[in-house]
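Reader: Thanks for sharing this one! Could you pick a single part, look at it closely, and then connect it to the rest for me? I'd like residue-level detail with the numbers kept in.

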Amino acid sequence: MRHLLQRHPLPMQTSFAHSLVLTYALPPHLLTPLIPPGLTLDTYRDTQGVEHGFVAAAVVDTRALRPSFLPERLGRDFILTGYRIFTRFPTPGGRTMRGLRILRSDTDHRMMVHGGNLFSRYNYHLARIATRTVDRTLEFKVASADGRADLHVRADLADTPAPLPPGSPFANAKDARRYAGPLPYTFEYEPQTRSVIVVKATRTHWDPVPVTVDVPTLTFFASGAFAGCEPVLANAFHVSDLRYGWERGHRRALDGRAL
């Protein structure tokens with residue numbers, strides 16, 4: 001009955017000292033097999049008529065992460081990384097929820113690995129993660145235990161708002177911002193009941209700023225379903241000093257009906 005615990009039973013609260021999200025464009029045919037039943041790929045068609053799917057690589061420096069009913073002093077600080085596909089979930093009333101499907105998460109603390117995998121399907125792994133800010137350059141280094149999610153990224157926080165990365169499929173900054181994670185929802189598929197667990201995020205003062213990034217290392221796209229692909233950096237956004245949380249998960253049928 002472990003799947004009953006993995007429905008995000010606890011509302012959570014934290015604040016982001018830094019959140020850096022890199023969104024990569026990939027061909028839809030690579031991502032569609034990774035989408036569970038009920039969800040569809042959230043795509044974008046560029047000015048040449050080419051359709052793109054997207055995976056976000058996010059690094060978040062969280063402070064006082066805790067269940068919402070606990071005081072801030074009982075929270076813990078963690079650094080979290082996540083790889084997520086941009087998806088859509090249509091509902092019977094014609095509304096479509098936009099959200100993220102988690103592929104993998106890493107963190108710098110065993111407590112978060114155990115708790116995260118007990119109460120979610122976010123697929124947490126333990127990693128060595130270092131961060132520093134020098135002269136308005138924010139840097140993260142992630143060394144994953146299996147080598148499949150190593151990441152080294154530097155973001156220039158002084159050069160803002162930055163232009164779109166070279167080769168980005170987005171026509172303009174407005175289009176790019178629509179694919180600036182995190183999105184309002186996260187979706188997980190529960191195979192035991194053939195249903196979707198929907199987790200709604202809460203946030204304040206949401207104002208992501210486009211930044212220029214240098215990414216010397218990113219191994220996530222080097223193996224598995226992505227082996228041999230050439231992801232294109234589509235955008236990079238940074239936010240700081242943001243209060244963030246998420247509600248208890250709710251289960252929906254594959255056609256979007258609330259259960």
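Author: Happy to! Let's start with Asn-172, which lies in the loop between β9 (151-156) and α4 (173-177). Please keep in mind that this is a predicted model. Is Asn-172 buried, exposed or partly exposed? Its relative accessibility is 33%, and buried requires under 20% while exposed requires over 50%, so Asn-172 counts as partly exposed. The side chain of Asn-172 has a polar atom 3.2 Å from the backbone nitrogen of Lys-174; Lys-174 falls within the range of α4, residues 173-177.

The loop between β9 and α4 also holds Pro-161. There the peptide bond from Thr-160 to Pro-161 is cis, with omega near -5°.

Two other loops have backbone details worth a look. Asn-123, in the loop between α3 and β7 (124-134), has a positive phi of about 60° although it is not a glycine. With a relative accessibility of 37%, Asn-123 counts as partly exposed. Asp-135, placed in the loop between β7 and β8 (137-144), is likewise not a glycine, yet has a positive phi, of about 50°. Asp-135 counts as exposed, because its relative accessibility is 74%.

From the loops we can move to a strand, β14, which covers residues 232-246. Why is β14 described as largely enclosed by the rest of the structure? Because eleven of its 15 residues are buried. Which strands pair with it? Strand β1 (residues 12-26) runs antiparallel to β14, with 13 bridges between them, and Ser-15 has Arg-243 as its bridge partner in β14. Strand β11 (residues 195-203) is also antiparallel to β14 and is joined to it by three bridges; here Thr-202 is partnered with Gly-245. Strand β12 (residues 209-210) adds two bridges, again in the antiparallel sense, and Val-209 finds its partner in His-238.

Now for the rings. The structure holds 17 aromatic pairs. One of them joins Phe-220 and Phe-226, a tilted pair with 5.5 Å from centre to centre and 45° between the planes. Phe-220 has 10% relative accessibility, so it counts as buried, and Phe-226, at 4%, counts as buried too. Another tilted pair brings us back to β14: Tyr-244 and Trp-246 have 6.3 Å between their centres and 55° between their planes. Both of these residues are buried. Phe-220 and Phe-226 also belong to a cluster linked by ring pairs, together with Tyr-24, Tyr-83 and Phe-221.

Charged side chains meet rings as well. The charged end of Arg-98 sits over the ring of Tyr-179, 5.0 Å from the ring centre. Likewise, Arg-203 places its charged end over the ring of Trp-206, 4.2 Å from the centre.

Let's finish with the largest pocket, where about 360 Å³ of space lies. Its lining is made of 19 residues, and those nearest its centre are Met-12, Met-112, Gly-115, Gly-116 and Phe-119. Elements giving two or more residues to this lining are β4 (51-67), β5 (76-90) and α3 (110-119). Which element gives the most? That is α3, with five residues.

Terms used:
Residues numbered from 1 in each chain as written. Predicted model: local features only at pLDDT ≥ 70, side-chain atom pairs only at ≥ 80, totals over all residues. Heavy atoms only, no water. Buried < 20%, exposed > 50% of the residue type's maximum accessible area, 1.4 Å probe, protein only. Helix = DSSP H or I, 4+ residues; strand = E, 2+ residues; numbered from the N terminus. Pairing = 2+ DSSP bridges. Phe/Tyr/Trp six-rings, centres within 6.5 Å; stacked < 30°, edge-to-face > 60°. Lys NZ or Arg CZ within 6 Å of the ring centre and 35° of its normal. Polar contact = N/O pair within 3.5 Å; in protein donor to acceptor, adjacent residues only side chain to side chain. 1 Å grid on protein atoms, 1.4 Å probe; cavity = no way out; pocket = protein on both sides within 12 Å on 5 of 7 lines; lining within 4 Å. Points joined across faces, edges and corners; volume = space filled by probe spheres on them.
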